[in-house]
Amino acid sequence: MRHAVAALGLLSWDRFLVTATYPGLGEYTIVRDRFEQAGGTTGNTCEALARLGLSVTVASAVGDDDEGRHLIDTLRHAGCDTTHITTRQQQPSDSGVIVISGEDSSRDRTIFWIQGARPVMGDVLPVDELLNHQWILLDVDDPRLRHFFLELPSHRSPRTKLFGTMTYLVEMPLGEGWRHALRHDVTVGNVRELLTLTGTSTLDDAIAMARSDLVASACRVLYISLGRAGSIAIRSTGVIEQPAWQVDVIDTTGAGDAFAAGCLWGLLEHRDDEEILRRANALGGLVCRAFGARAGLPSEHEVDELLLHGTFRS
């Protein structure tokens with residue numbers, strides 16, 4: 001039996017501060033609210049998939065602390081297989097401080113990443129177990145580890161597809177991250193990441209470069225979130241656009257991770273690009289209903305409600 005999705009990437013414990021304004025140099029601001037919750041790009045996508053009823057196996061690392069135990073428990077409670085999440089002794093869990101500033105119509109985020117335990121090259125990984133899935137989500141910040149998976153011979157598991165995120169590829173030298181992006185079967189990201197990876201200054205230029213480079217690459221499609229403007233699917237043969245859904249936005253933390261989950265959901269069901277983008281936009285929009293990356297994650301019923309009626313009725 002081949003399972004649905006295996007994910008290799010980061011889990012992080014997020015601490016949020018909500019303020020009316022972001023302070024300037026030497027200034028202060030009053031914290032209106034503060035809270036903590038499980039996060040990390042990979043963990044967010046995995047929980048989004050699990051809430052849709054999909055089979056998800058997570059391979060990652062956490063620290064030997066309360067945050068690490070909460071990260072594992074949260075994913076297990078959501079229905080993910082957490083067997084392959086290792087606990088690193090004498091190392092803290094990965095974490096972040098996220099400042100959400102501004103009023104309802106103009107909120108922004110600033111993320112302070114406190115790096116801790118996460119997958120790196122040299123870890124003992126269940127490679128064969130991960131390959132026993134239809135899709136592998138590669139979302140690691142260690143370029144050597146991502147390169148290792150991209151170099152696995154295709155005959156080892158010819159039916160397993162690689163789904164890559166652009167999130168950490170942008171930290172690679174110009175050109176190298178783009179070459180890595182094009183070696184996944186499908187790659188997902190946002191406009192800022194696409195412009196950074198392609199070294200272009202406009203979306204039109206980035207699309208033109210992507211269409212040209214996709215011709216001779218392993219990657220067959222790029223799914224790019226445009227935020228409030230919707231999303232696009234870029235293939236060598238053309239571009240498909242899909243508008244965003246109208247939802248009440250509270251906080252955009254985790255919207256890109258939920259967008260990735262929607263793309264994977266559509267791919268698993270062999271949907272066309274238009275439907276994949278509709279689902280991705282729905283998940284990416286609905287998660288913005290609440291503060292934090294996971295509090296607003298929808299159930300399959302809630303997504304279906306939006307897809308069917310064009311609005312979400314709570």
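1. Let's start with the second largest pocket, which holds about 260 Å³ of space. Keep in mind as you look around that this is a predicted model.

2. Who lines that pocket? There are 16 lining residues, and Leu152, Ser154, Ser157, Thr160 and Leu162 lie nearest its centre. Helix H4 (143–151) and strand S9 (161–165) each chip in at least two residues. Sorted by class, the lining of this second largest pocket comes out as nine nonpolar, three polar and four charged residues.

3. Now for the largest pocket, with a volume of about 1,400 Å³. It has 50 lining residues, and the closest to its centre are Arg109, Thr252, Gly254, Ala255 and Gly256. Several elements give two or more residues to this lining, including strand S2 (12–19), strand S7 (108–114), helix H6 (191–198) and helix H9 (273–286). H8 gives the most, with five residues. As for class, you'll find 19 nonpolar, 22 polar and nine charged residues in the lining of the largest pocket.

4. Next, have a look at the largest nonpolar core. Of its 51 residues, Val58, Phe163, Tyr223, Cys263, Leu283 and Val303 touch the most other members. H8 turns up again here, giving the most to this core with 10 residues.

5. Which residues does Val303 touch, not counting those up to four places away in sequence? Try finding them on the structure: they are Leu52, Trp265, Ala282, Leu283, Leu286 and Pro298.

6. One last thing to spot: apart from the largest nonpolar core lies another core, of 19 residues. Met166, Trp178, Ala206 and Ile232 are among its members.

Notes:
Residues numbered from 1 in each chain as written. Predicted model: local features only at pLDDT ≥ 70, side-chain atom pairs only at ≥ 80, totals over all residues. Heavy atoms only, no water. 1 Å grid on protein atoms, 1.4 Å probe; cavity = no way out; pocket = protein on both sides within 12 Å on 5 of 7 lines; lining within 4 Å. Points joined across faces, edges and corners; volume = space filled by probe spheres on them. Helix = DSSP H or I, 4+ residues; strand = E, 2+ residues; numbered from the N terminus. Nonpolar A, V, L, I, M, F, W, Y, C, P; charged D, E, K, R; others polar. Core = buried A, V, L, I, M, F, W, Y, C linked by side-chain atoms within 4.5 Å. Buried < 20%, exposed > 50% of the residue type's maximum accessible area, 1.4 Å probe, protein only. Contact = heavy atoms within 4.5 Å.
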